[in-house]
Amino acid sequence: MPTCRHCKNPFEIGSWDREFYKKLDVPEPTWCPECRMMRRYAFRNERNLYKRECDFSKKNIVSLYSPEKPFIVYDADIWWSDKWDPLDYGQEFDFSRPFFEQFAELRRRVPRINISNMQSVNSYFTNHAADNKNCYMLFACENNEDSYYGKLVQDCRNVVDCNFIYNSELCYECISCYECYECAYLQDCHACRNTYFSKDLRKCTDCIGCWNLRDKKYCIANKEYSKEEFGEMKKKFKLGSFTFVEKQKEFFQKNFNGMIVPNFIQANSEDSIGDYLEQCKNVQYSFDVTRGEECRYVTDALDPKNVMDSSFIYYRPEFCLETLSTLELNAVKYSMFIYFAHDISYSEYCYHSGNLFGCEGLKKNEYCILNKPYAKEDYHRMVKRIIEHMKKTGEWGEFFPVEMSAFDYNETVAQEYFPKTEKEAETLGWTWKEKNRKEFLPSSTVIPDSIEEVPDSIKSEILACGQCGKNYRIIEQELEFYRKIKLPIPRKCPDCRHTQRMEMRNPRTLWTRKCGECGKEIRTTYARERTERVCCERCYMKGMY
């Protein structure tokens with residue numbers, strides 16, 4: 001059993017894994033699966049946006065890269081235009097130097113796109129986004145309208161402060177929910193309406209503070225009432241009051257601590273291990289995967305097939321290894337931000353291309369190494385030589401070192417799933433983004449407890465987060481939303497609200513424990529000290545129906 005080069009813990013390499021490595025003709029990994037995941041995540045900045053100049057036009061733009069970053073950044077319109085040619089930056093491969101060193105030089109020279117936002121309308125402050133209209137501070141989102149502050153928001157209308165929410169409308173603070181309407185403070189709920197402070201409900205309407213219910217109406221704390229009784233009791237729930245809402249969240253959480261939960265959240269999946277797997281077959285140690293087949297160590301994926309160690313990959317990736325933030329790939333290894341491409345290794349931000357090695361920012365190109373074009377036969381000969389060279393330097397088969405990330409560790413998704421302190425990051429040689437003191441000024445504004453008492457002038461006020469002290473504002477559309485569904489103004493900044501929602505989801509870590517009903521050994525994302533009654537799928541379904 002090998003020992004992880006990073007965390008020094010032993011880890012297993014299964015027979016399926018070994019066969020996959022042989023098919024791709026790559027060495028076995030030297031980092032354990034969790035450390036490999038963390039390493040990839042350290043290259044993805046989703047939600048930290050900065051103002052800076054476009055290095056081509058000099059106009060002010062919003063960018064993933066803060067002004068002090070040592071990169072050339074172009075506005076998206078310039079980056080996609082023919083006003084520059086990434087092949088102009090091509091360089092010869094030097095067999096006397098390590099590959100990563102040479103690729104790092106190329107990355108600093110080739111212009112980068114400021115943000116990933118396609119075909120959206122009035123949604124400039126969104127990233128890893130497409131087809132949105134009138135949206136603000138949404139990340140990893142598609143086809144939404146009039147929605148603000150969220151992660152993995154898909155096909156929604158008028159949702160605010162939601163993560164992993166799909167096909168929903170008029171929702172607030174909902175996590176891992178599908179097809180919900182006019183709901184708030186929900187988690188793991190499907191097809192619910194007019195429901196609040198609840199967890200693990202299916203097809204429920206007019207429920208408050210409930211858990212583990214199916215096809216129910218007019219329930220409070222899992223007790224069913226008549227329509228008239230429920231209406232009278234609901235009047236006592238002052239949802240527009242911040243004080244009342246906080247007390248209710250705390251009160252109902254005590255009930256959730258002892259509820260029955262499945263060891264994994266899966267739907268129509270077979271022979272699979274992991275959370276939030278839907279229509280998957282033989283997908284192991286993976287999370288948030290839809291229609292996956294024959295995959296290992298995959299997260300946030302749509303239609304992957306024969307893929308390992310890849311994250312944020314969508315639209316039918318096949319035979320890929322160690323990839324990050326991609327669309328529609330085939331035979332891509334050790335690469336990130338690659339879209340509609342094939343047969344690529346150790347490259348970044350390349351589109352509609354194939355047969356690339358160590359390339360940056362190419363569009364519709366083939367047979368290039370370090371952005372230099374080659375004839376087909378010469379390309380393949382050079383790639384073989386480079387791989388032999390990388391084997392000698394110990395680079396072949398390793399993803400990019402975290403030290404090469406374009407972002408500071410606490411700017412990236414890695415900090416969400418593998419949080420570290422500034423000292424811990426610096427000890428590892430990783431950079432850290434310091435706070436901008438100008439964003440942490442005191443505020444004298446007192447927010448009224450009830451939304452009904454909040455004046456229009458709140459839109460011009462600079463507020464201070466009650467948790468971290470960071471300043472934030474209430475935008476006009478956001479205030480209209482709170483008034484429409486009668487919810488209080490948040491007292492925390494968007495960053496702290498996002499962190500709180502992410503902490504409510506289980507970690508992407510597996511533990512072994514026993515089913516709370518039949519006693520058989522199970523794998524689960526619920527740590528052993530958790531108080532919920534964790535059951536195998538059979539016992540959980542038996543308890544539900």
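How many cavities of 30 Å³ or more does the structure hold? In this predicted model, the structure holds four of them, and the legends below take up two of these cavities together with several aromatic contacts.

**View A. The largest cavity and its lining.** This cavity has a volume of about 70 Å³, and among the 14 residues that line it, those closest to its centre are Asp188, Ile265, Tyr276, Asn506 and Tyr526. By character, the lining divides into six nonpolar, four polar and four charged residues.

**View B. The second largest cavity.** Here the volume is about 50 Å³, and the lining includes Tyr21, Pro27, Arg36, Asp309 and Tyr334. Strand S23 (residues 318–345) contributes three residues, the largest share of this lining, which as a whole is made up of five nonpolar, one polar and three charged residues.

**View C. A stacked pair of phenylalanine rings.** A search of the whole structure finds 49 aromatic pairs; in one of them, the ring centres of phenylalanine 197 and phenylalanine 252 are 5.9 Å apart and their planes meet at 25°, so the pair is stacked. Phenylalanine 197 belongs to strand S12 (residues 196–199) and phenylalanine 252 to helix H6 (residues 242–256), so that the pair links distant parts of the chain, 55 residues apart. Both phenylalanine 197 and phenylalanine 252 are buried.

**View D. An aromatic cluster and two charges over rings.** One aromatic cluster includes Phe43, Phe93, Tyr334, Tyr346 and Trp396. Elsewhere in this view set, the charged end of lysine 363 sits over the ring of tryptophan 79, 4.5 Å from the ring centre, while arginine 491 lies over the face of phenylalanine 242, at 4.2 Å from the centre of that ring.

Definitions and conventions:
Residues numbered from 1 in each chain as written. Predicted model: local features only at pLDDT ≥ 70, side-chain atom pairs only at ≥ 80, totals over all residues. Heavy atoms only, no water. Phe/Tyr/Trp six-rings, centres within 6.5 Å; stacked < 30°, edge-to-face > 60°. Helix = DSSP H or I, 4+ residues; strand = E, 2+ residues; numbered from the N terminus. Buried < 20%, exposed > 50% of the residue type's maximum accessible area, 1.4 Å probe, protein only. Lys NZ or Arg CZ within 6 Å of the ring centre and 35° of its normal. 1 Å grid on protein atoms, 1.4 Å probe; cavity = no way out; pocket = protein on both sides within 12 Å on 5 of 7 lines; lining within 4 Å. Points joined across faces, edges and corners; volume = space filled by probe spheres on them. Nonpolar A, V, L, I, M, F, W, Y, C, P; charged D, E, K, R; others polar.
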